[in-house]
Amino acid sequence: MRKIIVIMLVMLIFCACGTCANAESMVACINEILTYWNATTPNELRENICQFWVDNETDDNPEMWKPKYHPCNIRIGGTTQELIKDGKKWDMAIVSSKDVDLQVLANKDCIATIGFNPDYRLALHQWLVPEHLQAMLPEHPLLLYFVYFYDYDEAADEATLLICRERSGEVFAEEILRHRPVEKSRHVEGIQRMHYSGVGRPLTWNRHTLLADPSGWDVATFDISSVDELVPLMEAGLLFDFSTIDYFAARDGLNVIHDWERDSPNGVFLQEKMVGIPCYPIRLEFGDVEQVLVVNAKSSNLEGCLHYAEHYIKSIEWSCEMEHEDIFPHGVCMYKDQCDW
């Protein structure tokens, strides 16, 4: 009898140690997020992100990014049942994958959705994460669920998740991910992407910062008004030559159905090298501006960069060139199994 009691005590201790380890992993991620944004509460986190947008506004209208125009109840921690019970008390939650069942939350309509479009930012993020993380996501043939992976701890088999119950949490989740440490982004997505953030969304980088920190990025998209703007990156040996890859060398440019002025070329060239791929489906209204995708030739994960670049451009091509099905009530989208690239 005494032996059985001892065994049970040992098992309880091991279980407690495992729980503590998981809690420590989660707490470390939460502290990292709060510390970066100089916040001590979820509301401060929201307000300080909004203040960042105000301070870095690119469209001369900082007023639009003030907290009063971006309501979002951020929650830190919680189990499946707690998130369901609290219902409309939260819009975006930072939680541990150990504490929640995403399929149950999806079945209870506790996760925002959108029809699947392969070049949507969330779709690209979820495509990049490894299969064992993708397996955590709710299953649906058509819908994307607004779940973001901030970090993953292999030892604990635990991911730190950003779950949006309402679409109002999307911009906050994306902003938190954009400011992850580089090593954390690469750990989760395999590469560090520096993507154009959309109208009014401030960038924390530009071509000059890419040049100044060549080891801090793998793939980038940005606007250029002249190919000469790429010369410094080219001279530093940072621009991969896409013409060495059969897919990029053989493809036509984008046949942009939204732009009646011209088709996009298949590449941007310097010294007979294809150093960038035009990738924005709608030309800007003013000025001769092209958005281009570039890959860091010095990346330590060049294979992953090129795999992503091909997937990204094929996804853009789908958006630009194919006749799309308007699937009620989700709008123009596609079934996930149709995306075979």
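In the predicted model, Ser96 stands opposite Thr160 of strand β6. This pair belongs to the contact between β6 and strand β2 (residues 92-96), where five bridges join the two strands in the antiparallel sense. Strand β5 (residues 147-153) is likewise antiparallel to β6, and six bridges connect them. Within this second pairing, Tyr148 has Leu162 of β6 as its bridge partner. Strands β5 and β6 form a hairpin with four residues between the strands, and in this hairpin Asp157 adopts a positive phi near 50°.

The environment of β6 was examined next. Seven of the seven residues of this strand (residues 158-164) are buried, so β6 is largely enclosed by the rest of the structure. In a regular strand, side chains alternate between the two faces of the sheet. Both faces of β6 are covered. One side carries Glu158, Thr160, Leu162 and Cys164, the other Ala159, Leu161 and Ile163, and all of these residues are buried.

Two of these residues, Ile163 and Cys164, are also in contact with Asp91. Asp91 is located in the loop between α3 (80-86) and β2. With a relative accessibility of 10%, Asp91 falls below the 20% limit and therefore counts as buried. Apart from neighbours within four places in sequence, the residues in contact with Asp91 further include Cys72, Asn73, Arg165, Glu166 and Ser168.

A second charged residue, Lys184, was considered in the same manner. Lys184 is part of helix α8 (residues 182-189). Its relative accessibility is 14%, and Lys184 therefore counts as buried. The side chain of Lys184 makes a polar contact with that of Asp151, at 3.5 Å. When residues up to four places away in sequence are set aside, Lys184 touches Cys29, Glu32, Tyr150 and Asp151.

A further part of the model is an open sheet of five strands with mixed pairing, in the order β7-β8-β11-β10-β9. The edges are occupied by β7 (193-194) and β9 (268-270); each has a single partner strand, so one side of each is left without a neighbour in the sheet. Strand β9 runs antiparallel to strand β10 (residues 273-278), to which three bridges join it. In this pairing, Leu270 has Lys273 of β10 as its bridge partner. Helix α12 (residues 302-321) packs on the sheet and touches β7, β8 (219-224), β10 and β11 (290-295). The direction of α12 makes an angle of about 150° with that of β11.

Aromatic side chains were then surveyed, and 10 aromatic pairs were found in the whole structure. One of them is formed by Trp37 and Phe52, which are edge-to-face, with 5.7 Å from centre to centre and 80° between the planes. This pair links distant parts of the chain, 15 residues apart: Trp37 lies in the loop between α1 (2-36) and α2 (42-55), whereas Phe52 lies in helix α2. Both members of the pair fall below the limit of 20% relative accessible area, and therefore Trp37, at 6%, is buried, as is Phe52, at 16%.

Phe242 and Phe248 form another edge-to-face pair, with a centre-to-centre distance of 4.9 Å and an angle of 65° between the planes. Phe242 and Phe248 are both buried. These two residues belong to one aromatic cluster together with Phe240 and Tyr247. Tyr247 in turn has Lys314 over the face of its ring, at 5.0 Å from the ring centre. A comparable arrangement involves Arg121, which lies over the face of Tyr120 at 5.4 Å from the ring centre.

For the chain as a whole, the model contains 12 helices and 13 strands. Of its 341 residues, 48% count as buried. Among contacts with a separation of 6 or more, 64% are between residues 24 or more positions apart.

Definitions and conventions. Residues are numbered from 1 along each chain as its sequence is written. This is a predicted model: local features need pLDDT of at least 70, side-chain atom pairs count only at pLDDT 80 or more; totals for chains, interfaces and linings use all residues. Side-chain values use heavy atoms; hydrogens and water are left out. Buried means under 20% relative accessible area, exposed over 50%, partly exposed in between (1.4 Å probe, protein chains only). A polar contact is a pair of N or O atoms within 3.5 Å; within protein, one must be able to donate a hydrogen and the other to accept it, and residues adjacent in sequence count only if both atoms are side-chain atoms. Contact means heavy atoms within 4.5 Å. Two strands pair if DSSP finds at least two bridges between them. Axes are lines fitted to C-alpha atoms, for helices over the stretch in contact, and angles run from 0 to 180 degrees between N-to-C directions. Rings of Phe, Tyr and Trp (its six-membered ring) pair if their centres lie within 6.5 Å; planes under 30 degrees apart count as stacked, over 60 as edge-to-face and the rest as tilted. A charge sits over a ring if NZ of Lys or CZ of Arg is within 6 Å of the ring centre and within 35 degrees of the ring normal.
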